[in-house]
Amino acid sequence: MGKQKINPRSSMKAEPKTQGNYIDMFVKRMFGRLLVFIDFLVHFADPKFVAEIDLRKIKPASTHYFGKDGDERIVDLIFQCPLKNGNGNLMAVIIFEHQSASLKKIPHKILKYISAIWDAEIKEGKKVLSAPYFIVLRTAKKPHRGTYPTMADSLPKGKDGKPIGKVVEIEYDVVDLPAWDFDKLIGGTVLRLVMGVLKKMIEGNEDEFPESMMPLREITDEEQQIELTRELLDFVAKALAVHNRRLDAPTINRVMKTVFKEKGTDMMKTIFEEKYDQGVAEGEARGKAEGKAEAVLTFLRVRFNQVPQEVEDAIRKMNDPTALDSWTAHAATCKTLEEFEKAIH
């Protein structure tokens with residue numbers, strides 16, 4: 001979790017409008033978490049691709065796959081997704097498009113991506129190159145209308161109106177933020193949190209954003225609640241500052257009551273006062289494993305309502321983050337609780 005702290009007094013000062021791509025960086029930080037990416041993939045990606053992937057073995061791809069040129073690549077994410085049949089990998093790339101007027105630049109961008117990926121793999125001596133899968137996560141105020149742009153749109157046409165030459169096209173999917181129904185958001189706690197907060201902020205419903213924090217109630221680990229609350233409030237403060245608005249005390253109080261109910265006042269002190277920083281730092285290592293365990297339990301509760309006490313105890317006793325990542329993938333894909341129990345024993 002990010003350790004950036006919000007001070008109520010300092011965060012209310014209007015920040016300059018030239019904040020760069022703070023929304024892109026926020027989305028990258030949240031979707032860069034393996035749990036959130038797998039959750040997003042399972043619920044929003046093309047099912048025929050997801051069916052081919054071994055979700056337990058997904059991992060972030062090496063940065064050299066991005067190539068050396070193109071500053072925009074800093075804010076995108078790429079994951080190596082091994083296939084279940086063992087015959088290679090699928091490279092899943094999430095491309096963030098914030099308030100883009102159109103998708104016309106996407107075809108060229110993804111050609112650059114896949115070229116860089118294949119160049120790197122050829123240099124590594126791979127005989128089977130990775131299959132590409134591109135998802136454009138678009139966070140504009142209005143959904144994209146019509147067909148998706150192609151490279152052919154940018155090339156000269158012949159007398160018949162068709163592109164001259166042999167055109168190379170890479171297909172891609174688009175997940176459009178404005179099309180998400182806030183009341184029907186799907187996925188795990190953190191994914192729904194990110195979607196809900198982004199939707200409220202980008203659509204200009206800043207006054208309603210405390211409602212989007214409600215999924216935090218599902219997290220029983222208090223340290224994780226605090227860290228996520230701090231991170232999301234930090235993002236909202238920056239988003240408001242772009243419009244010369246401030247994250248004021250009444251709004252923060254509403255968030256505290258929404259998330260922590262009667263404990264809201266106490267949590268305000270925990271989140272904002274400097275004297276709590278040392279305690280949070282000391283709990284960071286322990287909280288990392290606990291947070292992953294809580295994520296596994298959240299998946300299971302959402303999918304099967306109740307988790308047997310012996311299964312919950314086994315999950316909470318596990319302190320290996322790598323094993324917990326694997327269990328998270330199992331929790332997201334298993335058909336029954338019995339299947340999950342067999343996978344972890």
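Phe31, Phe40, Phe44, Phe96 and Trp180 come together as one aromatic cluster. The model in which this cluster appears is a predicted one. The report below moves from the aromatic residues to the nonpolar core, then to one charged residue, and closes with the protein as a whole.

**Aromatic residues**

How many aromatic pairs does the structure hold? The count is nine. Tyr148 and Tyr172 make up one such pair, and their rings are stacked, with 5.5 Å from centre to centre and 25 degrees between the planes. This pair links distant parts of the chain, since its two members are 24 residues apart. Both Tyr148 and Tyr172 lie in the loop between strand E4 (131–138) and strand E5 (173–176). The two partners can be set side by side with Glu97, a residue discussed further below, according to their accessibility.

| Residue | Relative accessible area | Class |
|---|---|---|
| Tyr148 | 35% | partly exposed |
| Tyr172 | 8% | buried |
| Glu97 | 14% | buried |

Tyr172 counts as buried because its relative accessible area of 8% falls under the 20% cut-off. Tyr148, at 35%, is partly exposed, because this class lies between 20% and 50%.

**The nonpolar core**

The largest nonpolar core contains 64 residues. Those that touch the most other members are Phe31, Phe40, Leu41, Ile58, Leu137, Leu198 and Phe235. Helix H8 (residues 222–242) supplies the largest share of this core, namely ten residues. Phe31 and Phe40 also belong to the aromatic cluster named at the start. Leu41 may serve as an example of the contacts involved: leaving aside residues up to four places away in sequence, Leu41 touches Val50, Ile53, Leu55, Ile58, Tyr133 and Ile135.

**Glu97 and its surroundings**

Where is Glu97 found? Glu97 is part of strand E3, which covers residues 89–97. Is this residue buried or exposed? Glu97 counts as buried, because its relative accessibility is 14% and the limit for this class is under 20%. The side chain of Glu97 is joined to that of Lys109 by a polar contact of 3.2 Å. Beyond the residues up to four places away in sequence, Glu97 touches Ile106, Lys109, Val136, Leu137, Arg138, Thr139 and Ala140. Among these neighbours, Leu137 is also a member of the largest nonpolar core.

**The protein as a whole**

The secondary structure consists of 15 helices and five strands. Of the 345 residues, 49% are buried. Among contacts with a separation of 6 or more, 69% are between residues 24 or more positions apart. The accessible surface amounts to about 17900 Å², and carbon and sulfur atoms account for 51% of this area.

How values were computed. Residues are numbered from 1 along each chain as its sequence is written. This is a predicted model: local features need pLDDT of at least 70, side-chain atom pairs count only at pLDDT 80 or more; totals for chains, interfaces and linings use all residues. Side-chain values use heavy atoms; hydrogens and water are left out. Helices (H or I, at least four residues) and strands (E, at least two) are DSSP runs, numbered from the N terminus. Buried means under 20% relative accessible area, exposed over 50%, partly exposed in between (1.4 Å probe, protein chains only). Contact means heavy atoms within 4.5 Å. Accessible areas come from the Shrake-Rupley method with a 1.4 Å probe; for residues, only the protein chains shown count as cover. A polar contact is a pair of N or O atoms within 3.5 Å; within protein, one must be able to donate a hydrogen and the other to accept it, and residues adjacent in sequence count only if both atoms are side-chain atoms. Rings of Phe, Tyr and Trp (its six-membered ring) pair if their centres lie within 6.5 Å; planes under 30 degrees apart count as stacked, over 60 as edge-to-face and the rest as tilted. A nonpolar core is a set of buried Ala, Val, Leu, Ile, Met, Phe, Trp, Tyr and Cys residues joined through side-chain atoms within 4.5 Å.
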